[in-house]
Amino acid sequence: MVVLSRVLQRIAVFTCLVVVCTLVVTTRQSAAVADTAASRKGSISGAISDSTGRPLGGPVDVVVQKFEGGVVVQHFPVTSADDGSFEVDGLPTGSYRVEFDDAGFANDHPYTIIEQYFGGSAVRPYGTEVMVTAGTVRSLGMVRLVGGGSVSGSWTCPTCETIDGISSVSADLFDPATGQWIGVRPLLPASVGNPSTDPDGYHRDGGFSANGLYPGTYRMRINYSSVDGRLRGAVSAPFDISAHPRWQSTEVLTLDLKLYAIQGPAGRLVRVAGQPEVYLSDRLDGLIHIANYGSVSDLGFPTAVSLITVSQLRAATIAPASLTGLATCGDGVFLSSGGIRRLIPAASRTGRPVTVLPPEICAALPGVPVPLPTPIFLKGSNSPVVSLLEGGALRSVPNPATLASIRSGRPTTVVTPTALATFPAGEPVPAIGTLVKDPAHATVYLVDTPRSFVPVRAFQSVLDMGLQRSVTTLPTAVVGQTAKAPVVLSNFVRCNGASWLASGGALLPMRAAAAGSAPVTNLSTWLCTQQARPSSHAADGARLFIRATGAARVYLVSGGVKQAVSSPAVLKRLAPSGAAVNSVDSAFVSSLRTGATLR
């Protein structure tokens with residue numbers, strides 16, 4: 001029995017040792033598991049400074065927010081050290097945003113410090129997401145925080161029925177990347193008080209304030225719904241909030257917003273029921289009277305008309321002049337047609353009225369203005385007539401040859417009849433091959449091109465070319481500013497590098513040697529191409545025979561010298577195969593030098 005008792009004692013001790021060992025092993029295994037789990041967590045670290053890199057001199061609240069499916073599911077708050085350093089441990093693998101808050105640090109300077117996110121900016125206030133994986137430390141490096149500013153002010157509405165009609169007040173930010181305004185800070189109704197110290201919001205007493213704005217370009221916007229269901233709005237001029245290197249700095253801008261009388265988009269047509277006047281709205285309270293709907297559609301705006309009340313019309317500001325076909329947005333004067341804006345130089349629109357469009361309408365215009373090539377040729381979409389725009393007037397061009405001579409390869413721009421009616425009719429462009437004169441002088445000119453005239457000594461020389469002798473009187477200024485040929489019109493003509501004799505209503509080919517040193521009129525290609533030009537030469541070989549129209553005396557012309565042919569027998573001897581005698585202007589015959597008579 002003693003032996004059995006000792007055996008049992010030894011078994012019990014052994015059992016206890018086993019249990020103790022088991023407990024020790026189990027506890028150590030649990031600790032190892034815990035250490036392994038901790039090693040699978042990640043962390044985020046960094047250091048906070050102002051925008052210049054200097055320490056802030058106090059703690060900052062740092063909140064790491066875990067996102068799942070775009071929703072915050074967990075917060076990990078810490079407070080930075082006085083030197084700005086921070087580290088947040090125990091973060092599961094995932095996507096995070098890191099928020100910095102000045103609560104408890106800058107209480108003496110409320111609303112001057114932006115509650116901002118890592119990677120945040122005015123157009124991206126919630127910053128960039130930070131990915132954390134197990135067992136890694138994600139360092140954000142030096143996080144430079146910026147101090148923004150605040151805007152406060154008041155709003156008024158003389159025509160509002162009730163203050164409860166305010167539907168929204170917000171601070172809009174200009175995004176330079178897209179060129180658009182985006183709403184980034186909607187304001188909520190707040191209690192009556194001082195808007196410069198109250199929290200963000202707008203107040204029934206007419207005040208508003210928006211604090212903690214990132215640096216950027218902003219505008220304040222307010223919308224109002226009247227009892228008749230119409231929506232009105234007010235937008236302030238753009239203002240800049242600049243960055244401050246220290247949080248304690250602030251920028252407060254005071255604005256005064258006025259709710260405008262006319263609601264709706266810029267470029268909308270409005271009128272009062274029962275009244276004929278129609279106006280173009282600038283979306284605020286500016287109206288421009290329109291004389292016809294065509295000028296509106298030319299700008300690219302719809303011509304549907306909305307009704308406004310008499311009180312709205314009275315509260316609006318009406319421009320002193322009606323909308324014209326020429327307008328400007330400050331970057332050049334343009335003519336609009338079918339929604340296309342074409343820039344017109346000052347010399348082409350002299351004396352014509354120009355409408356200065358408000359910025360809101362300019363911003364709503366489609367496309368960008370394109371320059372018109374000069375000289376400017378316009379044609380109405382319902383007319384075949386092409387006109388040259390000069391000095392603010394339309395000078396109709398009579399025929400294709402005249403047009404070709406002055407257009408220099410420039411195209412003709414087709415515009416709407418309304419756009420064409422912007423300019424009055426001016427003096428028609430003189431047609432090539434016609435005769436013109438100044439009413440104050442007796443000299444008659446042949447139109448070689450609309451830019452150059454040739455003095456005419458006698459009508460017969462014109463008839464010899466096959467042109468009409470009727471004369472058109474042009475304004476003295478037009479004749480005076482047109483270039484003149486140095487010599488009077490001769491029956492010896494040169495064009496396209498060839499020599500011609502004007503005779504019998506046509507240009508007859510001749511040898512250049514026949515003219516010699518006699519005066520020769522150089523004519524443009526445009527005029528020569530309009531004249532009849534027979535294929536045969538004016539004379540056999542180098543012999544050119546002429547006589548004055550209506551006269552019997554025949555002359556042989558060579559080297560610019562005329563020699564009288566004494567008899568038909570001499571003419572027969574000079575031209576055995578028959579002589580072609582060309583009738584020409586007697587004044588031209590007289591102008592030639594005289595040589596010895598041929599006998």
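Phenylalanine 86 and phenylalanine 100 are both buried in this predicted model. The structure holds six aromatic pairs, and these two residues form one of them: the ring centres lie 5.9 Å apart and the planes stand at 70 degrees, so the pair is edge-to-face. The angle that decides this is the cut-off of over 60 degrees for an edge-to-face pair. Phenylalanine 86 belongs to strand S4 (residues 85–91) and phenylalanine 100 to strand S5 (residues 94–101), so that the pair links distant parts of the chain, with the two positions 14 residues apart in number.

The chain as a whole can be described next. The protein chain contains twelve helices and 46 strands. It has 599 residues, of which 43% count as buried. Its exposed surface is about 28600 Å², and carbon and sulfur atoms supply 57% of that area. Among contacts between residues at least 6 apart in sequence, 68% join residues at least 24 apart.

In soluble globular proteins, nonpolar side chains tend to be buried together. Here the largest nonpolar core has 19 residues, and those with the most contacts inside it are Val151, Leu187, Phe208, Tyr218 and Met220. Two or more residues each come from strand S9 (149–156), strand S10 (166–175), strand S14 (207–213), strand S15 (216–225) and strand S17 (239–241).

Of these strands, S14 can be followed further. Seven of the seven residues of S14 are buried, so the strand is largely enclosed by the rest of the structure. Strand S13 (residues 201–203) runs antiparallel to S14 and is joined to it by two bridges. Tyrosine 202 has phenylalanine 208 in S14 as its bridge partner; Phe208 is also one of the core residues with the most contacts.

Another part of the chain forms an open sheet of five strands, with mixed pairing and the order S22-S19-S20-S21-S23. Strand S22 (305–308) and strand S23 (317–318) are the edges; each has a single partner strand, so one side of each lacks a neighbour in the sheet. Within the sheet, strand S19 (residues 268–272) and strand S20 (residues 279–281) run antiparallel and are joined by three bridges. Leucine 269 stands opposite leucine 280 in S20.

Helix H5 (residues 400–407) has Ala401, Thr402, Leu403, Ser405 and Ile406 buried. The buried residues of H5 pack against strand S29 (376–380), strand S30 (386–390), strand S34 (444–449) and helix H10 (525–528). At the start of the helix, a side-chain oxygen of asparagine 399 comes to within 3.3 Å of the backbone nitrogen of alanine 401. Just after H5, serine 408 adopts a positive phi of about 50 degrees.

Threonine 413 follows in strand S32 (residues 412–415). Its relative accessible area is 12%, and because the cut-off for a buried residue is under 20%, threonine 413 counts as buried. Leaving aside residues up to four places away in sequence, threonine 413 touches Arg342, Leu372, Phe377, Leu378 and Lys379. Strand S29 (376–380), one of the elements against which the buried residues of H5 pack, thus appears again here through Phe377, Leu378 and Lys379.

Terms used:
Residues are numbered from 1 along each chain as its sequence is written. This is a predicted model: local features need pLDDT of at least 70, side-chain atom pairs count only at pLDDT 80 or more; totals for chains, interfaces and linings use all residues. Side-chain values use heavy atoms; hydrogens and water are left out. A nonpolar core is a set of buried Ala, Val, Leu, Ile, Met, Phe, Trp, Tyr and Cys residues joined through side-chain atoms within 4.5 Å. Buried means under 20% relative accessible area, exposed over 50%, partly exposed in between (1.4 Å probe, protein chains only). Helices (H or I, at least four residues) and strands (E, at least two) are DSSP runs, numbered from the N terminus. Contact means heavy atoms within 4.5 Å. A polar contact is a pair of N or O atoms within 3.5 Å; within protein, one must be able to donate a hydrogen and the other to accept it, and residues adjacent in sequence count only if both atoms are side-chain atoms. Two strands pair if DSSP finds at least two bridges between them. Accessible areas come from the Shrake-Rupley method with a 1.4 Å probe; for residues, only the protein chains shown count as cover. Rings of Phe, Tyr and Trp (its six-membered ring) pair if their centres lie within 6.5 Å; planes under 30 degrees apart count as stacked, over 60 as edge-to-face and the rest as tilted.
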